[in-house]
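Visitor: I would like a close look at a single part of this structure. Please pick one helix and take me through its surroundings.

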Amino acid sequence: MDIKLISTIAAALAVSVGAIGPALAEGRSVAAAMDAIARQPEAAGTISRTLFVGLAMIETMAIYCLVIALILLFANPFTG
Amino acid sequence: MAPSPLASAVLFHLGPVPITRPVATTWVIMAVLTLVPWFVTRRLARHPDRRQAVLELIVTGIMGQIEEVTRKDPRPFLPVLGTLFIFLVTANLSGVLPGVEAPTGKLETPAALAFIVFASVHFFGVRARGPLSYLASFAKPKLVMLPLNIVSEITRAFSLMVRLFGNVMSGEFIIALIVAFAGLFVPIPLMALEILVGVVQAYIFTILATVFIASAVDPAEQG
């Protein structure tokens, strides 16, 4: 198979599969943070700051997949 | 094919050094961020006028955030972290202006910023605990953890870079694609989202840098 075709398929796969895990994780963490804020509204500031940092950490996984896809599409080491 | 988001356009050469578009944009942002506070702080008054009040609000807001994370006097960290935050907000939002690309949407600027954070983490760590005690902290709690700790120092700087680059670049990339496919007014909601993402990413970058510095200064305070 052509290397460009394989790279395109791999890029699409990397983003689509790689987005599943972070999406589930972000959903869970936001749900947990909502729960905590509903129980303790006075701690909302601390909770949302920690939530933001945690979401950023989780989101990094999806961004890594995006970067892999971009490298495959635009800076592919195999196509020369 | 769309232009690669990993490459940046060379504007002109300064001797042998090629000056790219993000570098030129960064220079303009630096000039604005230097000149505006300089003019505003020429006549500081005890009863601040409007402009001085805005500046004081920004500075005390950043100080409050740093103090909440580090639970220490924020003054030693304020210059680097405050500048980082203000620069990031300006740089991320500069992409909204017509004809300007956000410099943080190219790989070089986030790499430089992440390197600044990487260096300042060790600077503050050494300054707070002394060089030997700081180096010894990498071998805690056990000597086995030494390679893991060193790798984690590098990967978290790397992930800072990739996170900022990925978020800003993907936003601009999506807007460019939608402009190409759908036309003039369709990407406006996405651009509004991009403003939100830019501010949130600037906040996250700064807060993570604060957390890293706090954990280097005081090992008991792990974020």
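Guide: What follows is a walk along helix 4 of chain B, and then outward from there. Keep in mind that this is a predicted model.

Start with the length. Helix 4 of chain B runs over residues 108-129, which makes 22 residues. At 1.5 Å a residue, the helix should span 32 Å. Its end C-alpha atoms lie 32 Å apart, so expectation and model agree.

Now the buried side. The buried residues of helix 4 of chain B are Thr109(B), Pro110(B), Leu113(B), Ala114(B), Val117(B), Val121(B), Phe124(B) and Gly125(B). Look down the axis of helix 4 of chain B: these buried residues fall within an arc of 140°, so they line one face of the helix. Turn to the face that points away from the buried side. Exposed residues sit there, namely Ala112(B) and Ala119(B).

What does the buried side meet? In chain B, its residues pack against helix 1 (21-40), helix 3 (78-94), helix 5 (131-136), helix 6 (146-182) and helix 7 (188-217). After helix 4 of chain B comes Gly130(B), with a positive phi near 80°.

Val117(B) deserves a stop. Leaving aside neighbours within four places in sequence, Val117(B) is in contact with Ala157(B), Leu160(B), Ala209(B) and Phe212(B). Val117(B) also belongs to the largest nonpolar core, which has 46 residues. Within that core, Val117(B), Leu160(B), Phe205(B), Leu208(B), Ala209(B) and Ile213(B) touch the most other members. The core draws on both chains: helix 2 (44-74) of chain A and helix 2, helix 3, helix 4, helix 6 and helix 7 of chain B each supply at least two residues. Helix 7 of chain B gives the most, with eleven residues.

Next, the contact between the chains. Chain B puts in 14 residues and chain A 13 residues. On the side of chain B that touches chain A, helix 6 and helix 7 of chain B each supply at least two residues. Helix 6 of chain B gives the most to that side, with six residues. By type, that side of chain B divides into eight nonpolar, five polar and one charged.

Finish with a loop residue. Arg42(B) is found between helix 1 and helix 2 (50-70) of chain B. Arg42(B) has 7 other C-beta atoms within 10 Å, so Arg42(B) is exposed. Gln52(B) is ten residues from Arg42(B) along the chain, and their C-alpha atoms are separated by 9.9 Å.

How values were computed: Residues are numbered from 1 along each chain as its sequence is written. Chains are lettered from A and ligands numbered from 1 in the order in which they are written. This is a predicted model: local features need pLDDT of at least 70, side-chain atom pairs count only at pLDDT 80 or more; totals for chains, interfaces and linings use all residues. Helices (H or I, at least four residues) and strands (E, at least two) are DSSP runs, numbered from the N terminus. The expected span of a helix is 1.5 Å times one less than its number of residues. A residue is buried if 20 or more other C-beta atoms lie within 10 Å of its own, exposed if 12 or fewer, and partly exposed in between; C-beta atoms are placed from the backbone. The arc is that of the directions from the helix axis to the C-beta atoms. Two residues are in contact if their C-beta atoms, placed from the backbone, lie within 7 Å. A nonpolar core is a set of buried Ala, Val, Leu, Ile, Met, Phe, Trp, Tyr and Cys residues joined through C-beta atoms within 7 Å. Ala, Val, Leu, Ile, Met, Phe, Trp, Tyr, Cys and Pro count as nonpolar, Asp, Glu, Lys and Arg as charged, and the others, Gly among them, as polar.
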